[in-house]
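Colleague: Got a minute to walk me through this one? I'd like the helix packing, the cores and the salt bridges.

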Amino acid sequence: MISLDGVIQAPGGPEEDTSGGFEYGGWTAPFGDEIYGKEVQKEMQPADYLLGRKTFEIWADYWPTHGEFWPGINDGSKYVFSKTLSKSDPLITGWENSVLINTVEDIKKIKSHNNHDENSKVRDIQVWGSGELVQLLLQNDLVDELRLKIHPIILGKGKKLFGYGTIPAAFSLEESTVTTTGVIIAVYKRAGKVSTGTIEV
């Protein structure tokens, strides 16, 4: 979920993330419709999850007892990237299938193992929220796919998806749709290096 000016902070509610004096928590709420809901349901299929500490803390406080709304969320592996938590932390031990990692090499190992489900299909590793972690992934060319819900709103301030240190990278558009509220939902897959040229008039 991203605004026209690249903000991804606190899309879900007023108290989700008020750091930096952010006042617009819940800014995606007016844009929901049937198309939007169906796209979210598609993304909630069984997968494994790579999460930053702040996102994990929010999730661990809610999803263990609300799994009926997201089938598979408790069964999937939750890889928590944090340099402050420990493996024995109640946050980690209190939610099944949660694993603490703290280096880029740990992430690379997870990607290379290609976890499989019971039907021997490659399981997606999804990142939800986790703005600082996304920055790290982009800096190290560890993003295979971007699923963006581009909302027709400018917020002016807040944490952004693309920050300093993001490496140049090309992506190709694989899927796209537009909701009745003007949200562009687009799926981009990694497509090699950036190409340049001269536009002829």
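**Helix H1 and what surrounds it**

Modeller: H1 has these buried residues: Tyr36, Glu39, Val40 and Glu43. Buried means under 20% relative accessible area, exposed means over 50%, and partly exposed is in between (1.4 Å probe, protein chains only). Helices (H or I, at least four residues) and strands (E, at least two) are DSSP runs, numbered from the N terminus.

Colleague: How do the buried residues of H1 fall when seen down the axis?

Modeller: They fall within an arc of 100°, so they line one face of the helix. The arc is taken from the directions from the helix axis to the C-beta atoms. On the other side of H1, Glu34 and Lys38 are exposed.

Colleague: Before we go on, what kind of model is this?

Modeller: This is a predicted model: local features need pLDDT of at least 70, side-chain atom pairs count only at pLDDT 80 or more, and totals for chains, interfaces and linings use all residues. Residues are numbered from 1 along each chain as its sequence is written, and side-chain values use heavy atoms, with hydrogens and water left out.

Colleague: Back to H1. What covers its buried residues?

Modeller: The cover includes E5, strand E6 (145-151), strand E7 (171-178) and strand E8 (184-190).

Colleague: And which residue caps the N-terminal end of H1?

Modeller: Asp33 does. One of its side-chain oxygens lies 3.2 Å from the backbone nitrogen of Ile35. For a polar contact, the rule is a pair of N or O atoms within 3.5 Å; within protein, one must be able to donate a hydrogen and the other to accept it, and residues adjacent in sequence count only if both atoms are side-chain atoms.

Colleague: Cores next. Which residues have the most contacts inside the largest nonpolar core?

Modeller: Tyr49, Phe56, Trp59, Trp70, Ile73 and Trp95, in a core of 20 residues. A nonpolar core is a set of buried Ala, Val, Leu, Ile, Met, Phe, Trp, Tyr and Cys residues joined through side-chain atoms within 4.5 Å.

Colleague: Which elements give two or more residues to this core?

Modeller: Helix H1 (34-43), strand E2 (48-52) and helix H2 (53-60). H2 gives the most, with three residues.

Colleague: What is Ile73 in contact with?

Modeller: Leaving aside neighbours within four places in sequence, Ile73 is in contact with Tyr49, Trp59, Trp63, Gly67, Lys78 and Trp95. Contact means heavy atoms within 4.5 Å. There is also a second, separate core of 18 residues, which includes Ile2, Leu50, Val104 and Leu142.

Colleague: Now the sheet. What is the order of the four strands?

Modeller: E4-E3-E2-E5, in an open sheet with parallel pairing. Two strands pair if DSSP finds at least two bridges between them.

Colleague: Which strands stand at the edges?

Modeller: Strand E4 (98-101) and strand E5 (125-126). Each has a single partner strand, so one side of each is left without a neighbour in the sheet. Two bridges join E2 to E5. Asp48 stands opposite Ile125 in E5.

Colleague: Changing topic: where is Ser82? Is Ser82 buried or exposed?

Modeller: Ser82 sits in the loop between strand E3 (78-81) and helix H3 (90-93). It is buried, with a relative accessible area of 4%. Its side chain reaches the backbone nitrogen of Leu85 at 3.1 Å. Outside four places in sequence, Ser82 is in contact with Arg53, Leu100, Ile101 and Asn102.

Colleague: Last topic. How many salt bridges does the count come to?

Modeller: Eleven. The rule is a side-chain nitrogen of Lys or Arg within 4 Å of a carboxyl oxygen of Asp or Glu.

Colleague: What does Asp17 meet in a salt bridge?

Modeller: Lys159, at 2.8 Å, N to O. Asp17 is in the loop between strand E1 (2-3) and H1, and Lys159 is in the loop between E6 and E7, 142 residues apart. Asp17 counts as buried at 19% relative accessibility, while Lys159 is partly exposed at 30%.

Colleague: And which residue does Glu175 meet?

Modeller: Lys42, in a salt bridge of 3.8 Å, N to O. Glu175 lies in strand E7 and Lys42 in helix H1, so the pair ties together parts that are 133 residues apart in sequence. Glu39, Lys42 and Glu175 are linked in a network of salt bridges.

Colleague: What about Asp141?

Modeller: Asp141 forms a salt bridge with Arg190, with the closest N and O atoms 2.9 Å apart. Asp141 is partly exposed, with a relative accessible area of 38%. Arg190 is partly exposed too, at 25%.
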